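Me: Got a model open here and I'd like to talk it through. Can you help me read it?

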Amino acid sequence: MGPGDRSTGLDDVTVAFGDGPPALRGVTLLAEPGEVLAVVGPSGCGKTTALRAVAGLETVRTGRVVVAGRDVTRVPTPRRDIVMVFQPGTLSPFLDVAVSLARAVEVRAAPRRRRSPGPAAFLLDEPLARLDAVERARTRRTIVDLVRQSGVSALYVTHDLTEAMAVGDRLAVLRDGEVVQIDTPRRLYECPIDTFVARFVSAPEIGLLPARLVSSPSGAGFRVGERTLPLWGPAPDGLDAGVRVVLGLRAEDVGESGPGADPGSVTVRVLVRHVELRGRDAVVTAEVDVAGEADGGRLVARVDPRTRLRPGDRAELAVDARRAHVFDVDGRALRHPPA
Ligand code: ATP
């Protein structure tokens with residue numbers, strides 16, 4: 001890091017418990033002043049360990065821990081200039097979170113003669129876990145305001161993608177103790193590096209559909225069973241006709257076929273598995289029905305809540321293949337649709 005860097009977090013850090021595999025492997029998570037860096041990932045991926053390492057509650061094998069640019073790798077917890085909110089209490093979680101952070105910020109903003117240095121960073125581990133939906137939304141806005149106004153850095157661990165997207169200036173996605181991708185919520189959503197990240201940042205779930213790239217005089221496309229989904233442009237560079245790929249299609253790019261369907265879409269036969277009503281829309285989860293294929297893939301569609309589709313129905317869904325993310329068979333992204 002260069003001089004003047006005031007970021008907080010982990011710099012190429014490895015943490016291991018006993019002789020087991022490292023819980024964190026070469027992890028770099030650095031939040032800038034006034035930034036919320038949301039840390040997400042499945043259970044056991046190392047989110048809490050990362051925060052505890054910043055706090056000095058876990059021993060770092062290799063790498064550095066920094067708070068506001070200061071190397072605190074060997075500094076004890078009380079002298080790290082951090083405020084931790086781990087597992088808020090039960091009596092008044094909103095007060096626990098918002099007030100403790102606000103107090104910390106007030107100290108920092110107090111007149112110079114009374115001022116103690118104040119915290120440089122907030123470490124928040126599922127701070128809203130015990131709140132109801134309304135308090136959760138209110139508290140997360142309070143946290144974001146406090147971080148912006150005070151210029152502290154915040155590392156914010158959550159399971160909840162919606163919460164991460166709402167609070168995070170950037171999101172870091174962890175898997176098995178490693179950072180898979182770190183970027184703004186929008187970039188992660190538009191350009192997930194692999195199917196793992198694509199699944200993680202998509203709600204409803206992203207549909208994944210095995211397909212084969214085909215090329216004919218009338219243009220390139222993806223062969224799914226007996227249907228060809230036309231491509232939005234030329235075949236992706238470096239991909240030859242016949243190659244197997246996995247298409248990632250978000251629910252907003254899949255709908256019911258019929259008169260209202262997008263004219264650029266193509267129909268795919270499916271077996272409907274679930275229909276979940278969500279208010280403004282309903283989410284249909286379906287297996288793609290490809291003759292002779294055990295696993296034709298899954299599609300998830302966002303449809304009108306008045307849909308007649310029911311679990312067990314054989315139906316057709318309209319797919320906008322121009323919106324497909326293309327992954328190789330190992331799940332690595334090859335191409336994203338234009339934003
Ligand atoms: P969750 O979302 O379930 O809270 P997490 O992403 O926060 O999970 P961690 O709690 O950081 O994950 O755990 C990461 C890995 O390290 C897990 O495999 C866990 O079993 C292991 N681990 C964590 N703490 C210890 C410990 N004190 N001793 C041994 N192993 C540990």
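Reply: Sure. One term to settle before the surface numbers: accessible areas here come from the Shrake-Rupley method with a 1.4 Å probe. Also keep in mind that this is a predicted model.

Me: OK, so what's the accessible surface of the protein chain?

Reply: About 16,600 Å², and carbon and sulfur atoms account for 49% of that.

Me: And how many helices and strands are there in the protein chain?

Reply: The protein chain has 6 helices and 21 strands.

Me: What share of the residues is buried?

Reply: Of the 339 residues in the protein chain, 49% are buried.

Me: What about contacts, how many of them join residues at least 24 apart?

Reply: 64%, counting contacts in the protein chain between residues at least 6 apart in sequence.

Me: Switching to the ligand. Which residues surround it?

Reply: There's a run of Pro42, Ser43, Gly44, Cys45, Gly46, Lys47, Thr48 and Thr49, plus Phe17, Ala23 and His159. By type, that shell divides into 4 nonpolar, 6 polar and 1 charged.

Me: What does lysine 47 do with its side chain there?

Reply: An N or O atom of the lysine 47 side chain sits 2.8 Å from an oxygen atom of the ligand.

Me: And glycine 44, how far is its backbone from a ligand oxygen?

Reply: A backbone N or O atom of glycine 44 is 2.8 Å from an oxygen atom of the ligand. Threonine 49 joins in as well, with a polar side-chain atom 2.5 Å from a ligand oxygen.

Me: How much of the ligand's accessible area does the protein cover?

Reply: The protein covers 54% of the 630 Å² that the ligand has on its own.

Technical notes. Residues are numbered from 1 along each chain as its sequence is written. This is a predicted model: local features need pLDDT of at least 70, side-chain atom pairs count only at pLDDT 80 or more; totals for chains, interfaces and linings use all residues. Side-chain values use heavy atoms; hydrogens and water are left out. Helices (H or I, at least four residues) and strands (E, at least two) are DSSP runs, numbered from the N terminus. Buried means under 20% relative accessible area, exposed over 50%, partly exposed in between (1.4 Å probe, protein chains only). Contact means heavy atoms within 4.5 Å. A residue is near a molecule or strand if one of its heavy atoms lies within 4 Å of it. A polar contact is a pair of N or O atoms within 3.5 Å; within protein, one must be able to donate a hydrogen and the other to accept it, and residues adjacent in sequence count only if both atoms are side-chain atoms. Ala, Val, Leu, Ile, Met, Phe, Trp, Tyr, Cys and Pro count as nonpolar, Asp, Glu, Lys and Arg as charged, and the others, Gly among them, as polar.
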